[in-house]
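Reader: Please take a single part of this model and go through it closely, beginning with one residue and working outward to the elements around it. I would like the cut-offs behind each term stated as you go.

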Amino acid sequence: MKQWTWLALAGLLTTLSCGSEETVQPTPDYADAWVGEYEGTGDFALSNGISGEDRPVTISIVRVTPKQVTVSATLVYGEGRNDFFQEIDILQPDDPGQITLEVRYLNAKTVYAFTQEEETITGSIATSSLRLGGTWGQDQIMTGIEVVRQ
């Protein structure tokens with residue numbers, strides 16, 4: 001029995017000592033290029049058929065780490081207390097001028113498509129839910145977003 005224990009330990013140590021001699025290059029830090037408070041307008045469409053144009057949009061982007069940001073986007077589409085929708089996610093930008101990322105949860109996904117030129121972000125945010133039968137149904141979408149850093 002002791003012999004098997006020693007063999008297992010030797011195998012484990014051999015396996016742990018194996019590895020690539022090549023170093024992995026770190027990914028660039030693009031979070032700071034996106035940080036800021038933005039205000040502007042955008043269009044929207046909800047799954048219940050309500051849609052509109054040129055509604056107020058605010059986007060707050062806060063640095064979490066040198067590589068990640070928290071994006072909080074809010075679009076107000078009506079005058080009522082609950083006539084808005086908001087998306088909040090942690091994203092890792094892979095470019096200082098463009099974010100195209102899909103964030104998935106258990107049965108939902110959000111797609112961010114932003115471009116940044118100088119102090120202006122343009123793009124869209126679309127959320128979808130997994131429906132019965134395994135198809136994705138669009139819940140809400142913010143398109144035509146154009147916000148300027150404040």
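**From one loop residue to the sheet**

Author: With a relative accessibility of 47%, D29 counts as partly exposed, a class lying between buried (under 20% relative accessible area) and exposed (over 50%), computed with a 1.4 Å probe on protein chains only. The model is predicted, so local features need pLDDT of at least 70 and side-chain atom pairs pLDDT 80 or more, while totals for chains, interfaces and linings use all residues. Residues are numbered from 1 along each chain as its sequence is written, and side-chain values use heavy atoms, with hydrogens and water left out.

D29 forms a salt bridge with K67, the closest N and O atoms being 2.6 Å apart; the term requires a side-chain nitrogen of Lys or Arg within 4 Å of a carboxyl oxygen of Asp or Glu. Because D29 lies in the loop between α1 (2-17) and β1, and K67 in the loop between β2 and β3, the pair ties together parts that are 38 residues apart in sequence. Helices (H or I, at least four residues) and strands (E, at least two) are DSSP runs numbered from the N terminus. K67, at 24% relative accessibility, is likewise partly exposed.

The loop that carries K67 belongs to a hairpin in which 5 residues join β2 to β3. These two strands pair in the antiparallel sense over 7 bridges, where pairing asks for at least two DSSP bridges between strands, and V62 has T70 in β3 as its bridge partner. On the other side, β2 pairs with β1, again antiparallel, over 9 bridges, with E39 opposite T58 in β2; the hairpin between β1 and β2 has 4 residues, and G49 in its turn has a positive phi of about 95°.

These strands belong to an open, antiparallel sheet of 8 strands in the order β4-β3-β2-β1-β8-β7-β6-β5. Since β4 (84-91) and β5 (98-104) stand at the edges with a single partner each, one side of each is left without a neighbour in the sheet.

The search of the whole structure finds 5 salt bridges, among them one between R149 and E119 (2.7 Å, N to O), which links R149 in β8 to E119 in the loop between β6 and β7, 30 residues apart. R149 is partly exposed at 23% relative accessibility, and E119 at 41%.
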